[in-house]
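Please examine the following chain together with its three-dimensional model. A student and a tutor then discuss it.

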Amino acid sequence: MFNIILFGPPGSGKGTQSENLIAAYGLQHLSTGDLLRNEIANQTVLGLEAKSIMDQGQLVPDQVVVGMISSALDTNPQAKGFLFDGFPRTVAQSEALDELLRLKDTEIGVVLALEVSEEELVHRLLNRGLTSGRSDDNNESVVRARIKEYHNKTSVVAEYYSRSNKVVKVKGEGTVDGIFAALCSEIDKRLSK
Ligand code: AP5
């Protein structure tokens, strides 16, 4: 099993690159943002609680997202590996993920960290907000709050995985194809070891 964390601030291209990576490597895609939006669309209690937090650009409580990831891991026992997109976002989530994977006798192979300037992130998200219907994309103060939340609570996740030399920084500006090629090159280096 080869498991990847695609890491980076909101708008850095995690979702875009995930689609290409799962097609290329046959991994199971696990996006906590998508799982939460699915709960909102289904109007579950969890979804209704999460929506007000997401609309303010803040992080949903750790136990909620860890529970969703735990269920998703259990419902995909045949997966040849997982691509985590937007998870983990706190050190507590990272520790919980490591433990969940350890129980399955596997671990994170690499953390691919997309680097994009703040102004480019804001530009991309507000641009997407014109058509996406995502309520956290169409207001600049919410977009900036999401980025602030990333700096306050999520950037430390890269430090956590740096301790085991698992983090690789990848320039997240340029063409989608060029960034995809850079990500594949990093994955292939590790798969061939
Ligand atoms: P989530 O859905 O994970 O959103 P996010 O991290 O804010 O990420 P985005 O989907 O907005 O950006 P992305 O990096 O995937 O970029 P994308 O490829 O879409 O989370 C939403 C909310 O859910 C959070 O705020 C939080 O409340 C909650 N949540 C989720 N996970 C959680 C967790 N683990 N813990 C707690 N709370 C959690 O691209 C963005 C745009 O840029 C697109 O329009 C795309 O077309 C464009 N683009 C992509 N690549 C390029 C490029 N190379 N050049 C130009 N444009 C590009």
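The dialogue below moves from the overall fold to the cores and then to individual residues.

Student: What should be known about the model and its numbering before the values are read?
Tutor: This is a predicted model, in which local features need pLDDT of at least 70 and side-chain atom pairs count only at pLDDT 80 or more, while totals for chains, interfaces and linings use all residues. Side-chain values use heavy atoms, with hydrogens and water left out, and residues are numbered from 1 along each chain as its sequence is written.

Student: How many helices and strands does the chain have, and in what order do the elements run?
Tutor: Helices (H or I, at least four residues) and strands (E, at least two) are DSSP runs, numbered from the N terminus. On that basis the chain has 8 helices and 5 strands. From the N terminus, their order is β-α-β-α-α-α-β-α-β-α-α-β-α.

Student: Why is the chain described as being as compact as a globular protein of its length?
Tutor: The radius of gyration is taken over C-alpha atoms, and the globule rule is 2.2 Å times the number of residues to the power 0.38. For 193 residues the rule gives 16 Å, and the chain is as compact as a globular protein of that length because its own radius of gyration is close to this, at 16 Å.

Student: What percentage of the contacts with a separation of 6 or more comes from residues 24 or more positions apart?
Tutor: Contact means heavy atoms within 4.5 Å. Among contacts in the chain with a separation of 6 or more, the share from residues 24 or more positions apart is 74%.

Student: What percentage of the residues is buried?
Tutor: Buried means under 20% relative accessible area, exposed over 50%, and partly exposed in between (1.4 Å probe, protein chains only). Of the 193 residues in the chain, the buried ones make up 44%.

Student: Which element supplies the largest share of the largest nonpolar core?
Tutor: A nonpolar core is a set of buried Ala, Val, Leu, Ile, Met, Phe, Trp, Tyr and Cys residues joined through side-chain atoms within 4.5 Å. The largest one has 28 residues, and F84 and L97 have the most contacts inside it. Elements that each supply at least two of its residues include strand 1 (3–7), strand 3 (82–85) and helix 7 (140–162). The largest share, 6 residues, comes from helix 4.

Student: How many residues does the other core have?
Tutor: This core lies apart from the largest one. L27, L114, V170 and I187 are among its members, and its residues number 16.

Student: Is I4 buried or exposed?
Tutor: I4 is found in strand 1. Not counting residues up to four places away in sequence, it touches L27, F82, L83, F84, V110, L112 and I187. With a relative accessible area of 0%, I4 is buried.

Student: Which residues does E186 touch beyond four places in sequence?
Tutor: E186 is found in helix 8 (residues 176–191). It counts as buried because its relative accessible area is 14%. Leaving out residues up to four places away, E186 touches L112, V168 and V170.

Student: Which residues are in contact with T106, leaving aside neighbours within four places in sequence?
Tutor: T106 is found in the loop between helix 5 and strand 4. Its relative accessible area is 13%, so T106 is buried. Its contacts, with those neighbours set aside, are M1, N3 and L101.

Student: Which residues does a cis peptide bond join?
Tutor: The second residue of the pair lies in the loop between strand 3 and helix 5. Omega of the bond is about 0°, and the two residues are F87 and P88.

Student: Is Q43 buried or exposed?
Tutor: Q43 has its place in the loop between helix 2 (32–41) and helix 3. It has a positive phi of about 50° although it is not a glycine. At 61% relative accessibility, Q43 is exposed.

Student: What is the relative accessible area of N165?
Tutor: N165 lies in the loop between helix 7 and strand 5 (167–171). Its phi is near 55°, a positive value in a residue other than glycine. N165 is exposed because its relative accessible area is 71%.
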